[in-house]
Amino acid sequence: MKITTILAVVLTGCITPIQQVAAEEPGYIRDVPSAGDLNGSNFTYPFPLKTYRFTSQLQDLEMAFMDIAPTVEPNGRVAVCLHGKNFCGPTWEATARKLAGIGYRVILPDQVGFCKSSKPQSYQYTLQQFSYNTKNLLQTLGIENITLLGHSLGGMTSIRFGLMFPEIIEKLVLVDPIGLEDWKAVGVPYMSVDNLYVSEAENNYTLIRGYEQATYYVGQWDDSYDVWVNMLVNIYQGSEATAFAFNQALVTDMALSDPVVYEFGMLKPRTLLFVGDKDNTALGKQWSPPDVQAKLGHYDVLGKQAAAAMPNADLIEFPDLGHAPHIQAPDRFHEALLGWLSK
């Protein structure tokens, strides 16, 4: 049986059809200060800051981003760098300067729910939504082709972006992306969003530094890493602390629920995968039983498996580095990156 539903309103005795409202309207760009509080972060950004204002999921939102011009003769290429869960656009500063120094225009966005971007009270987070928001930002900027770099959660998002929009990606660079395994399938137990929120809301300098030192920097610590810890603490304790912690809980639930590992074989762009072999990042590891913990986060194995599954991928491993090689050993990382991009 065919069922047709007609929506209408009755106005002065006349029936007027309700027109479909676009769920996401075209956005616009505005300049904003690089310093001072914006959406719960008062961290000072290293380059001029803009926001992309748009409508998504029936909400007015904004994505903060930096748009860095080449510092030499432009090469006509655009690099877009996506941050990880415990990072923001500024953590790509050194890489952006290197890329701008060889002619790239560089875009450093903060995803919705992060850093200086909007912290919605409720949002259906998916890797597809992150990718779609980023694609719409680029379209608004008139950018048609990109080199896409993604680190950690930004790497996982970049994989999804590459699957959704392969036609605009000239090259894809993944830096210790999460999602190289399906944590649920390995045995990570479910944790509710409410419990994830409680954990997120407890974050402070000591907890964040302890996690990053063990996971990102192989037990080592340099005082220069403190800026990135304090950048996060600033948001967890900032003017939108509650909304930020809840958004982060939603993002963790999203990443656990949306594996990309089964789709590596469908990636079309030429890809470079960077892996710090000492990286042991795995969502849910901290609340998993010991036998499951022992199976998780072996990037020295996962990197090789992922590169072999991707049709057009090169793998560069750093045997002594952890989750953030572009921060832990920037000279080595940038030499390898620029060498690959020049081929």
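**Cavity and pocket linings**

Tutor: By class, four nonpolar, four polar and no charged residues line the largest cavity. This is a predicted model, in which local features need pLDDT of at least 70 and side-chain atom pairs count only at pLDDT 80 or more, while totals for chains, interfaces and linings use all residues. Residues are numbered from 1 along each chain as its sequence is written, and side-chain values use heavy atoms, with hydrogens and water left out.

Student: What makes a space a cavity and not a pocket?

Tutor: On a 1 Å grid over the protein atoms alone, a cavity is a set of points where a 1.4 Å probe fits but cannot get out, whereas a pocket is an open set with protein on both sides within 12 Å along at least five of seven lines. The whole structure holds one cavity of 30 Å³ or more, and the largest cavity contains about 40 Å³ of space, a volume being the space filled by probe spheres set on points joined across faces, edges and corners.

Student: Why are Leu82 and Gly154 called lining residues of the largest cavity?

Tutor: Lining residues have an atom within 4 Å of a point, and Leu82 and Gly154 are among those that line this cavity, so they meet that definition.

Student: What makes the class count of the largest pocket's lining 15 nonpolar, 11 polar and five charged?

Tutor: Ala, Val, Leu, Ile, Met, Phe, Trp, Tyr, Cys and Pro count as nonpolar, Asp, Glu, Lys and Arg as charged, and the others, Gly among them, as polar. Among the residues nearest the pocket centre are Lys85, Glu200 and Tyr211, so Lys85 and Glu200 count as charged and Tyr211 as nonpolar.
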